Amino acid sequence: MRILIVENFAGTDIGRMAKTFRERGVKTDVVQPFDGTPLPATPDSHDGMIVLGGAQDALDDAGSPWFSSLMELMRDFDRARRPVLGICLGSQLLARAHGGRNILARPLEFGYVPITPNAAGRDDPLMSLLDPAVPIFQWHSDTFELPPGATLLATGTEYVNQGYRVGEVSYGTQFHFEVDRTLAERWSSAAAAHLDERKPGWRTALPAALDRNEPAACAFCDSFTGRWVDFVAAART
């Protein structure tokens with residue numbers, strides 16, 4: 001299995017997901033279009049695609065000129081039944097790619113937040129793994145309206161649209177299930193001034209939240225990633 005990973009911003013990567021990929025023998029090709037690396041023209045060389053987050057918003061076509069090509073590629077993967085997984089900004093771009101409206105500049109949601117599967121999510125092979133007692137990391141201030149034909153699978157208190165399915169084989173998660181301690185500390189260090197302004201007290205709260213929540217959140221990531229690998233394997237059979 002070979003998965004295309006699109007990093008939309010410097011310092012992002014698949015985090016904890018890499019552990020499961022190594023264990024399952026999944027190969028990855030990482031593309032960083034913010035550095036000028038071109039996206040593949042077609043899905044033909046990959047079995048699935050992961051689109052990661054970033055500090056920009058999903059309507060930043062001027063600052064992120066690859067967005068148009070990326071959204072077309074996401075649709076192409078879906079039409080070819082090669083699963084797409086959009087995380088945070090990736091989920092917002094996936095929604096836009098399928099006709100959803102993006103909503104920008106809402107209050108910051110940062111830290112570990114309970115995510116609850118709804119009735120459809122409890123029947124879904126991926127989102128049924130969610131447990132509101134296991135908070136998952138969040139960092140965003142944008143959201144979206146569900147695209148036409150999408151199915152909402154998981155919700156939060158402040159931001160309702162947390163997990164959904166759209167198209168033939170595409171999923172979006174607003175929550176950062178891939179975040180482990182390494183990513184959380186890297187991102188917060190790089191954006192310390194922003195967090196000081198938007199989330200006072202985070203310097204004390206984050207280490208305690210990592211100690212309390214990271215082990216169970218990482219276990220969820222392992223299970224979720226494994227299920228997604230199974231989904232990719234089954235999608236074209």
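Student: Which residues does Asp222 touch, not counting residues up to four places away in sequence?

Tutor: A contact list of this kind shows which parts of a chain meet in space. In this predicted model, Asp222 touches Arg16, Lys19 and Thr20 once residues up to four places away in sequence are set aside. Asp222 itself has its place in helix α7.

Student: Is Asp222 buried or exposed?

Tutor: The relative accessible area decides the matter, and buried means under 20%. Asp222 has a relative accessible area of 19%, so this residue is buried.

Student: How should Ile103 be read by the same approach, and is this residue buried or partly exposed?

Tutor: The partly exposed class begins where the buried class ends, at 20%. Ile103 has a relative accessible area of 23% and is therefore partly exposed. This residue lies in strand β5, which covers residues 102–103.

Student: Which residues does Ile103 touch, leaving out those up to four places away in sequence?

Tutor: Ile103 touches Asp142, Thr143, Phe144 and Glu145. A distance can be read beside such a list: Ile103 and Ser141 are 38 residues apart in sequence, and their C-alpha atoms are 9.0 Å apart in space.

Student: How many residues does the largest nonpolar core have?

Tutor: The general idea comes first: in soluble globular proteins, nonpolar side chains tend to be buried together. Here the largest nonpolar core has 46 residues, and among those with the most contacts inside it are Met17, Leu85 and Phe137. Helix α7, residues 202–235, gives the largest share of this core, 11 residues. There is also a second, separate core of 24 residues, which includes Val51, Leu89, Leu93 and Ala97.

Student: With which residues is Phe137 in contact, leaving aside its neighbours within four places in sequence?

Tutor: The contacts of Phe137 include Phe110, Tyr112, Phe175, Trp187 and Leu206. Phe137 counts as buried, at 1% relative accessibility.

Student: How many aromatic pairs does a search of the whole structure find?

Tutor: The search finds 10 aromatic pairs. One of them joins Phe110 and Phe137: the centres are 5.7 Å apart, with 75° between the planes, and the pair is edge-to-face. Phe110 lies in strand β6 (residues 109–113) and Phe137 in strand β8, so this pair ties together parts that are 27 residues apart in sequence. Phe110 is buried too, with a relative accessible area of 13%.

Student: Why is the pair of Tyr112 and Phe137 edge-to-face?

Tutor: The angle between the ring planes settles the class, and over 60 degrees counts as edge-to-face. The planes of Tyr112 and Phe137 stand at 75°, with the ring centres 5.5 Å apart, so this pair is edge-to-face. The pair links strand β6, which holds Tyr112, with strand β8, which holds Phe137, across 25 residues. Tyr112 counts as buried at 13% relative accessibility. Ring pairs join Phe110, Tyr112, Phe137, Trp139 and Trp187 into a cluster.

Student: What is the volume of the largest pocket, and which residues lie nearest its centre?

Tutor: A pocket is read through its volume and its lining. The volume of the largest pocket is about 570 Å³. Its lining has 24 residues, and Phe9, Gly54, Ala55, Gln56 and Trp139 lie nearest the centre. Elements that give two or more residues to this lining are α3 (89–97), β8 (136–140), α5 (181–190) and α6 (192–198). The largest share, three residues, comes from α5. By class, the lining holds 10 nonpolar, 10 polar and four charged residues.

Note on methods. Residues numbered from 1 in each chain as written. Predicted model: local features only at pLDDT ≥ 70, side-chain atom pairs only at ≥ 80, totals over all residues. Heavy atoms only, no water. 1 Å grid on protein atoms, 1.4 Å probe; cavity = no way out; pocket = protein on both sides within 12 Å on 5 of 7 lines; lining within 4 Å. Points joined across faces, edges and corners; volume = space filled by probe spheres on them. Helix = DSSP H or I, 4+ residues; strand = E, 2+ residues; numbered from the N terminus. Nonpolar A, V, L, I, M, F, W, Y, C, P; charged D, E, K, R; others polar. Core = buried A, V, L, I, M, F, W, Y, C linked by side-chain atoms within 4.5 Å. Buried < 20%, exposed > 50% of the residue type's maximum accessible area, 1.4 Å probe, protein only. Contact = heavy atoms within 4.5 Å. Phe/Tyr/Trp six-rings, centres within 6.5 Å; stacked < 30°, edge-to-face > 60°.
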